[in-house]
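Colleague: I should like to learn how to read the features of a structural model. Could we begin with the way in which two helices meet?

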Amino acid sequence: MSKETPATQVAKKDIVDVVAGKVRGFIERGELHLPPGYSPENALKSAWLKLQTTTDKSGKPVLSTCTPSSVANSLLDMIVQGLNPAKDQCYFIAYGTQLVCQRSYFGSMAVVKNVAGAKDVYADVVYKGDVFEYEIKGKQKQITKHTQKLENIDGKNIVAAYAVIEFEDRAAYTEIMTMAEIKQAWLQGQVYKEGGNSVHHKFAAEMAKKTVINRACKAFINSSNDSSLLIRAYNRAGETIAEAEMDQEIAEQANQDYIDIEAEIVDDPPEDENTKTEQNQPEKGQKGKMADPAQQTIVGPGF
Amino acid sequence: MEIRSFGSSSAGNAYLVTDGRSPLLLDCGLPVRELKQATSYQLSSLDGCLITHEHQDHARAAADLMRAGVDVYASRGTIEALSLTGHRLKVVRALEQVEISTWTVLPFDTVHDAAEPLGFLLAAGGEKLLYLTDSAYCRYRFRGLTHIMVECNYSKVILDRNVESGALPSAMKGRMLRTHMSLDRVLDFLAANDLSRVREIMLLHLSDGNSDAAGFKKAIQAATGRMVTVAEKGEKL
């Protein structure tokens, strides 16, 4: 896939035309219902302008490093979710040669409102000392009481956060996360460290709300929307990122240290040090080629 | 060394290895009735069963084997996840070598969504076997292997095609990428190891619908120049 011609060498017209053509096909077949007032053409124009100046981690233009198919897919994901980069609802980010359309927190709320038909999405945090009660009916949680005193409000004393997605015609969808769960979600990212001084520490309440809103929107879209097209577009960025991270882990962790069975010494059974693990880091250069035949295992009696 | 596959899929994994003197079972993810049949009702002649992790397609018969008098070797995490108890249980730890009859076994940690999953390096009679299954990749490299049993679960190309067509839920794909070994990763693993003494490579645990047995065999054979077989139920290596 990395052997594909970079996107810059494919005319803008080609990529944008391919995407526009696919969108038309989805609409004609009734697979895609875009929100009223959303213009795929305008979103594509804004996106293409953004892409001209978007660079990857090493400062190279993404249109020269990412594959045309990943560029086309990211644009398609944007349209299927009814997002517009001009409204900061999404960003284009390169993971290796793969471009993804990453939704912002505004974007997640926009999808739930415009595409999934919610009336409102809001979140709040529960501080130590608040009165907070909820019921669980079937699989659904319902908040029955939340009262707060001003003196409870302290970013260091957040107990939980919740998000509610409200609808005109049916019961609200509620997601509640404890602070421990929220911190666990933050730890999955690169920025937050326990005891650090990131934006999560400075604006804990706002970040907690964003986290629980994202969780609520994701759970809601995946559980209740019957458009497989939307679900796929909604989840694709996360999957591409997870895949890129796994590739990175493998590049760093796979096929590293040599381990071997220590030869048995007759009449002198091994005691504590019965395992030989070679700690010296093997030369990275060896990876990916067949091992040197000179690197024979030292085999003991019986092997 | 002789290796037989009694089952090699998500429906159940179990292999019999013997150096001619001491037979061991590698995983026991089949109903004990089938294991009895497969061993010609000689379960009690087994010198032990090594279990990689607690998932039922690898550990189904663990309790039954212990009742039949077979020693079961597994990590503490695996044993706790299976809630096994009894004097037939032998706890093994990653990178701590153990002797089982004529075999010397070195367990090592693998990468899977289980409590404390292990792979095993086994040596007996001058031969050395690697048993590596249900692992996203292998952290280690090995010297002087003569037999390799390695999971070759899926092809990334086939997997992507199945997700695209809707045949495979994308969440399932994510799990497979994080917990099982693809053809490409097996090729990288083999390339990073010294295969000069390897006589046979057995591919294990091919995923239904996301693999291509003939294609995998050809690819591994072409890359290694070694004899390659794809484990099937009851197939003799």
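Modeller: Certainly. In this predicted model, helix α9 (residues 228-253) of chain A packs with helix α6 (residues 170-179) of chain B at an angle of about 10°, and their axes lie 10 Å apart.

Colleague: How is that angle to be read: is α9(A) roughly parallel or roughly perpendicular to α6(B)?

Modeller: Angles under 35 degrees count as roughly parallel. Therefore α9(A) is roughly parallel to α6(B). On the side of α9(A), the contact is made by Glu239(A), Glu243(A) and Met246(A), and α6(B) supplies Ser170(B), Lys173(B), Leu177(B) and Arg178(B).

Colleague: What residues by class has the contact of α9(A) with α6(B)?

Modeller: It has two nonpolar, one polar and four charged residues. Two of the residues in this contact, Glu243(A) and Lys173(B), also belong to a network of salt bridges with Lys156(B) and Asp160(B).

Colleague: How many salt bridges does a search of the whole structure find?

Modeller: Over all chains, the search finds 16 salt bridges. The pair to look for is a side-chain nitrogen of Lys or Arg within 4 Å of a carboxyl oxygen of Asp or Glu. One case is Arg67(B) with Asp64(B), where the N to O distance is 2.7 Å. Another is Glu206(A) with Lys209(A), at 3.3 Å from N to O.

Colleague: Where do Arg67(B) and Asp64(B) lie?

Modeller: Both are in helix α3 (residues 62-67) of chain B, and they are three residues apart, about one turn of the helix. Glu206(A) and Lys209(A) are likewise three residues apart, about one turn, in helix α8 (residues 204-224) of chain A.

Colleague: Which residues of these salt bridges are exposed, and which are partly exposed?

Modeller: The idea is to compare the relative accessible area with two cut-offs: buried is under 20%, exposed is over 50%, and partly exposed is in between. Arg67(B) is exposed because its relative accessibility is 64%, whereas Asp64(B), at 28%, counts as partly exposed. Glu206(A) is also partly exposed, with 42% relative accessibility. A further salt bridge joins Arg29(A) to Glu31(A), with the closest N and O atoms 3.4 Å apart. There, Arg29(A) is exposed at 56%, and Glu31(A) is partly exposed at 37%.

Colleague: What does a buried residue look like by the same reading? Which residues is Thr78(B) in contact with?

Modeller: Thr78(B) is found in helix α4 (residues 76-82) of chain B. Thr78(B) counts as buried because its relative accessibility is 0%. Leaving aside neighbours within four places in sequence, its contacts are Ile51(B), Thr52(B), His53(B), Glu54(B), Ala115(B) and Glu116(B).

Colleague: Is Asn235(A) buried or exposed?

Modeller: Asn235(A) is buried, because its relative accessible area is 14%. This residue is in helix α9 of chain A, and it touches Lys218(A) and Asn222(A) when residues up to four places away in sequence are not counted. Its C-alpha atom is separated by 12 Å from that of Val111(A), although the two residues are 124 apart along the chain.

Colleague: How should I read the backbone angle phi? What is the phi of Asp27(B)?

Modeller: Most residues other than glycine have a negative phi. Asp27(B) has a positive value, near 65°. It is placed in the loop between β3 (23-26) and α1 (32-38) of chain B, and it is buried, with a relative accessible area of 0%. Leu95(B) also has a positive phi near 65°, and it is found in the loop between β6 (89-91) and β7 (98-100) of chain B.

Colleague: Let us turn to chain A as a whole. How many helices and strands does chain A have?

Modeller: Chain A has nine helices and nine strands. Of its 303 residues, 41% count as buried. Among contacts in chain A with a separation of 6 or more, 61% are between residues 24 or more positions apart.

Colleague: Which domains does the domain assignment of chain A give?

Modeller: The assignment gives domain 1 (7-109 + 227-247) and domain 2 (117-224). The C-alpha centres of these two domains of chain A lie 28 Å apart. Their contact takes eight residues from domain 1 and nine residues from domain 2.

Terms used:
Residues are numbered from 1 along each chain as its sequence is written. Chains are lettered from A and ligands numbered from 1 in the order in which they are written. This is a predicted model: local features need pLDDT of at least 70, side-chain atom pairs count only at pLDDT 80 or more; totals for chains, interfaces and linings use all residues. Side-chain values use heavy atoms; hydrogens and water are left out. Helices (H or I, at least four residues) and strands (E, at least two) are DSSP runs, numbered from the N terminus. Buried means under 20% relative accessible area, exposed over 50%, partly exposed in between (1.4 Å probe, protein chains only). Contact means heavy atoms within 4.5 Å. Axes are lines fitted to C-alpha atoms, for helices over the stretch in contact, and angles run from 0 to 180 degrees between N-to-C directions. Angles under 35 degrees count as roughly parallel, over 145 as roughly antiparallel, 65 to 115 as roughly perpendicular and the rest as oblique. Ala, Val, Leu, Ile, Met, Phe, Trp, Tyr, Cys and Pro count as nonpolar, Asp, Glu, Lys and Arg as charged, and the others, Gly among them, as polar. Domain bounds come from an automatic or database domain assignment.
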